[in-house]
Each structure stands twice: as structure tokens, then as C-alpha cells.
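Biologist: Could you walk me through how the labels on this model are earned? I would like to see each value set beside its cut-off.

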Amino acid sequence: MTSHEAGALHAAATPVWLEVPEDVNALLQPLWPATAYKADDGVLQIGGLSVTEIAQQVGTPTYVVDEADFRGRALEFATQFDRAFAPLGGATVHYASKALLSVGIAQWLVEDGLSVDVCSGGELDMVLRAGMDPSKITFHGSNKSAAELTAALEAGVGRIGVDSLPEIELVSRIAQSLGVTAPVMLRLSIGIEAHTHEFIATSHEDQKFGLSVADGDAMKGVAQALAAPGVELLGVHSHIGSQIFDARAFREAIYRLVSVTAQVEQEHQVKLPELGLGGGFGVPYTTGHDPLPVADMADRMAAAVERECRASGIDVPHVTVEPGRAIAGPAGITLYTVGTIKPIALGGGFTRLYVSVDGGMSDNIRTALYGAEYSATLASRRSAAEPRLSRVVGKHCESGDIVVKDEYLPADIAIGDLLAVPVTGAYCHTMASNYNAALRPPIVAVKDGLLNVLLRRETMADLLSRDLYA
Ligand code: LLP
């Protein structure tokens with residue numbers, strides 16, 4: 001690694017989408033949950049509560065979920081995919097619970113009639129506790145244990161997403177010993193890796209998931225699954241990536257999956273009744289992101305499924321999609337209290353304000369891990385100060401402990417202010433850690449002025465309960 005003088009390089013390093021705000025108090029509305037707004041005194045309101053009330057009741061840092069927004073997004077997916085696929089073989093939306101899950105959240109899904117995708121015995125346990133109809137559960141995962149598969153088959157899950165040739169054998173063995181038939185989707189590696197506006201379409205994918213179409217494992221898996229006692233092959237599945245903003249990569253995936261489905265029909269005289277298109281629907285984390293609305297995405301995917309099935313001469317299978325981030329992400333915000341503040345001179349007359357908060361990479365690892373971009377706002381008052389280029393950092397012992405890399409915050413931001421970071425509903429709580437013995441924040445749901453603690457704050461006693469020397 002070479003060193004450089006901080007000034008010139010760092011000063012130029014603000015992202016192109018980041019503009020100096022006209023009003024540093026204003027919310028960038030598309031990034032915030034449906035019920036969020038700032039009152040005249042500048043205090044952020046969400047779910048009919050002010051964030052100062054929320055912080056008084058449960059402290060900070062805290063994940064706050066706008067219940068109406070979460071449920072609204074889930075229902076919007078279900079409604080739009082139902083509508084778009086109604087003239088075809090229909091479609092089912094499985095919420096990808098890895099994005100955000102607690103038993104209370106799973107109960108919302110149950111009440112609203114959603115299906116769910118889980119990828120571990122732990123997630124399975126939580127959704128079953130919530131009373132989820134097992135037939136509405138798909139169990140994915142690249143290395144499921146015999147115990148996890150047994151639990152899933154005993155519960156009677158609707159689908160097992162099988163990821164490898166040995167897993168077909170394992171599922172068959174367990175199903176036979178339980179005297180049940182395992183409904184199986186085969187996850188395929190179809191040579192498409194999609195991110196945001198780009199996707200790479202090759203024959204091979206250099207990653208661990210699925211049975212490779214290019215290597216012939218996909219058709220080997222099909223033959224093996226069709227012959228395996230205790231296994232019913234429902235269809236093929238792919239998940240091509242994350243933060244996908246348009247339908248082009250899905251179109252390519254649909255083409256490849258329908259080709260396999262048609263090949264199965266030709267070679268084995270078996271109609272596969274389902275087609276799994278995975279998740280990956282993108283959300284705006286910043287003003288630089290502009291994903292296609294759900295209705296348009298559903299229309300384009302339906303058109304592609306219809307076109308490819310017609311071209312291949314097969315009946316249109318029933319489609320499943322598995323959005324996680326697009327349901328949970330924008331529904332959640334994280335509330336922090338501001339601590340230490342340091343203006344750091346970057347040279348060339350530039351200064352960056354380092355604003356420390358009472359959480360960090362233990363409650364949001366995405367910035368450090370993926371270079372994810374977020375925004376933030378002063379949430380507990382109105383400020384008359386000018387915008388100042390800032391970086392929101394955590395309290396952990398490393399310099400990569402950044403929550404929001406670039407944002408304009410009011411120059412008078414002060415210790416004790418509340419700071420809110422939007423679009424933290426997905427993959428923040430579920431990827432949280434106890435780094436530096438941090439106690440993981442609670443998840444509170446807010447709706448119509450009521451605060452509902454879904455998950456309480458972790459305590460030192462929780463942490464020490466595993467320490468046999470404590
Ligand atoms: N279905 C399958 C089989 C998946 O593997 C995933 C995500 C999803 C659905 C949901 O994808 P979504 O709609 O949420 O993009 N930790 C990363 C995301 C990893 C996603 C892994 N699989 C992040 O924080 O961005």
C-alpha cells in the first residue's frame with residue numbers, strides 16, 4: 001500500500017450523487033418509511049411517534065421499524081405479482097427472512113398471508129413459532145445439516161431448495177426414514193451475476209451456490225431427483241444477486257431457467273410445475289439509486305416468463321419470487337445518540353466532521369463489509385447552521401467502523417443530538433455482532449402512535465450467560 005497526502009485525494013472523494021442540501025433539515029423523502037416526516041420543531045416523527053419519545057422509552061442505538069410501511073411493501077409485492085402473473089401460472093411472494101426476522105415480524109407475515117423463505121434451522125424455528133403454515137415455507141441453504149433437513153421435513157415445509165448433488169441423496173434418505181415425500185426445488189448456478197444496473201452473463205459462476213448448468217450438474221441433479229425415492233421435483237430455482245434495479249438480468253435468468261425446464265420436459269417427459277426466480281430487488285439507499293417500481297418489475301418479469309415459455313413450447317409454471325431487502329430495508333431506520341465530534345482537516349481548505357454515534361459496525365456492518373452507502377439526518381431538532389461534510393462513525397476500535405461515509409450534517413451538530421439513518425431495516429439487525437462486547441440494539445415497531453418492542457435490547461447478563469467462567 002502506498003501512502004498519500006490526505007488532503008487532495010480525500011477532499012475529492014465525495015460521491016457524485018451527494019449534493020450540498022438546500023435545507024440540511026429536510027428529509028430526502030424516497031429514502032424514508034411512509035410515515036416518517038419532520039415536525040415544525042425539526043423532530044423526526046415515525047409511526048405517529050417522535051424519535052425523542054422512542055429514545056426516551058428504549059434508549060439508543062435502536063432499530064425502529066415502521067410496521068405499516070413493512071407490511072405495505074410486503075402486500076404490494078404480493079398484490080403486484082398476483083396481478084401480473086394472474087393470466088399465466090400465478091406467482092407467490094416468499095419474504096426472504098434473512099433480511100429481517102423476529103417472531104413478531106413473522107406474525108405479521110402470517111396475518112397478511114405471506115409465504116416465507118428461510119435458510120437455517122434457526123429461521124425455520126422462528127417462523128414456525130409465529131404460526132406460519134409450513135406449506136408456505138421454502139427452506140434454502142447451501143450446506144443444510146441432517147438435523148435441519150429433518151426438522152424441515154417433520155414440520156412439512158412446502159419446498160426444500162436443494163443446492164448440491166449430495167443433498168438430493170440426503171433429503172431422499174431423511175424423507176424415506178420419516179415416511180414423507182420431500183417437495184424439492186433445485187437451485188441452479190446459471191452463469192448470471194447481477195448487481196444494480198450491471199449483470200455479468202457467462203456460462204460459469206465462480207461461487208458456492210447451486211448446481212451448475214454449464215458443468216452438467218443441473219441435468220444430473222434433475223435425473224437424480226426424479227429417480228430419488230421420497231423426493232418430488234417441483235422445479236428449478238436461481239437467485240442471481242442483490243440490489244438489482246431493472247429487469248434485464250432477470251430476463252436472462254428466466255431465459256436460462258425456462259430452457260432447463262423445457263429440456264427436463266423433453267428428456268424426461270415430466271412437467272415441472274414451478275419456477276423460482278429468487279430475490280435481489282433493489283432499494284434506494286441514497287438519491288443515486290432509482291430502482292424500478294414493483295409493479296413494473298412484475299410486469300416485465302411476467303412478460304419474459306410468458307415469452308420464454310411460449311418459445312420453448314411449455315406450460316407456464318407457477319412462479320415464486322423472494323424479496324427480502326425490498327420489503328424490510330426501507331421500512332427500518334436506526335436511531336443513534338451523537339457523542340464525540342471531531343473536525344478533521346483534509347487539506348486544501350476541506351474539513352470533514354467525524355460524528356461518533358453510540359453504535360457502529362456492530363449494528364450495521366454493511367458499510368465496512370460492502371462499502372454500502374447510507375445517509376443520515378439530525379433527528380431531534382431543527383438546525384439553522386450550514387451543512388458540513390460529515391462522516392458518521394461508530395464506537396468500535398477500528399478506523400473502518402463507519403456507518404455513513406459521506407453526508408452533509410448541520411455544522412452545529414452536538415453531543416446528545418439524535419441522529420437517524422434510513423434504510424437500515426434489512427441486513428443490519430440480522431448481521432449484527434457483539435464486537436467489543438457491544439450489546440445488540442432492540443427492534444421496536446411503531447404504528448399509529450404505539451411503540452411495540454419486538455426484540456428487547458441485549459443485556460450484559462445475556463452476553464455473560466454463555467460465558468461459563470463469568
Ligand atoms: N432468495 C435467496 C435464495 C437468497 O439467497 C437471497 C439473499 C434472497 C432471496 C433475498 O435477497 P434480497 O431480495 O434481500 O436481495 N447481506 C447482504 C445480502 C445477502 C443476500 C443473500 N441472499 C447485504 O447486506 O446486502
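Modeller: Gladly, and please keep in mind that this is a predicted model. Let's start with Gly-48, which sits in the loop between β2 (44-46) and β3 (49-50).

Biologist: What makes Gly-48 count as exposed?

Modeller: The relative accessible area of Gly-48 is 57%. Exposed means over 50%, so Gly-48 earns the label. As for its place in space, Gly-48 and Thr-14 are 35 Å apart, C-alpha to C-alpha, with their positions 34 residues apart in sequence.

Biologist: Is Leu-234 buried or exposed, and how do you know?

Modeller: Leu-234, in strand β13 (residues 231-237), has 8% relative accessibility. Buried means under 20%, so Leu-234 counts as buried. Leaving aside residues up to four places away in sequence, Leu-234 touches several others, among them Gly-158, Pro-183, Met-185 and Leu-272. Asp-23, by contrast, is 54 Å from Leu-234, C-alpha to C-alpha, and 211 residues from it in sequence.

Biologist: Now the charged pairs. How many salt bridges does the structure hold?

Modeller: There are 22 salt bridges.

Biologist: Why is the contact between Arg-73 and Asp-69 called a salt bridge?

Modeller: Their side chains meet at 2.6 Å, N to O. The cut-off for a Lys or Arg nitrogen and an Asp or Glu carboxyl oxygen is within 4 Å, so the pair qualifies. Arg-73 and Asp-69 are separated by about one helical turn, because they are 4 residues apart in helix α3. Their burial labels come from 26% relative accessibility for Arg-73, which is partly exposed, and 5% for Asp-69, which is buried.

Biologist: What makes Lys-220 and Asp-217 a salt bridge?

Modeller: Their closest N and O atoms are 3.6 Å apart, and the limit is within 4 Å, so this pair passes too. Both residues lie in helix α8 (residues 217-227), 3 residues apart, about one turn of the helix. Asp-217 has a relative accessible area of 23% and is partly exposed.

Biologist: And how do the labels work out for Asp-246 and Arg-248, whose side chains meet in a salt bridge?

Modeller: The N to O distance is 3.3 Å. Asp-246, at 15%, is buried, because the buried label needs a value under 20%. Arg-248, at 39%, is partly exposed, because that label lies between the 20% and 50% limits. There is also a network of salt bridges that links Glu-67, Arg-71, Glu-111 and Asp-112.

Biologist: What makes Leu-439 eligible for a nonpolar surface patch?

Modeller: Leu-439 is partly exposed, with a relative accessible area of 32%. Patch residues need over 30%, so Leu-439 clears that threshold. Leu-439 lies in the loop between β22 (418-422) and β23 (443-447). Together with Met-460 and Leu-464, Leu-439 forms a patch with about 230 Å² of accessible area.

Biologist: Last one: how are α3 and α10 placed relative to each other?

Modeller: Two packed helices are described by the angle and the distance between their axes. The axes of α3 (residues 67-85) and α10 (residues 294-312) come within 9 Å and cross at roughly 35 degrees, and the crossing is right-handed. Residues that meet there include Phe-77, Phe-81 and Ala-84 from α3 and Ala-298, Met-301 and Val-305 from α10.

How values were computed: Residues are numbered from 1 along each chain as its sequence is written. This is a predicted model: local features need pLDDT of at least 70, side-chain atom pairs count only at pLDDT 80 or more; totals for chains, interfaces and linings use all residues. Side-chain values use heavy atoms; hydrogens and water are left out. Patches are made of residues with over 30% relative accessible area and no salt bridge: like charges are joined within 9 Å, nonpolar side chains (Val, Leu, Ile, Met, Phe, Trp, Tyr) within 5 Å. Accessible areas come from the Shrake-Rupley method with a 1.4 Å probe; for residues, only the protein chains shown count as cover. Helices (H or I, at least four residues) and strands (E, at least two) are DSSP runs, numbered from the N terminus. Buried means under 20% relative accessible area, exposed over 50%, partly exposed in between (1.4 Å probe, protein chains only). Axes are lines fitted to C-alpha atoms, for helices over the stretch in contact, and angles run from 0 to 180 degrees between N-to-C directions. A crossing is left-handed if the near helix is turned anticlockwise from the far one by less than a right angle, and right-handed if clockwise. Contact means heavy atoms within 4.5 Å.
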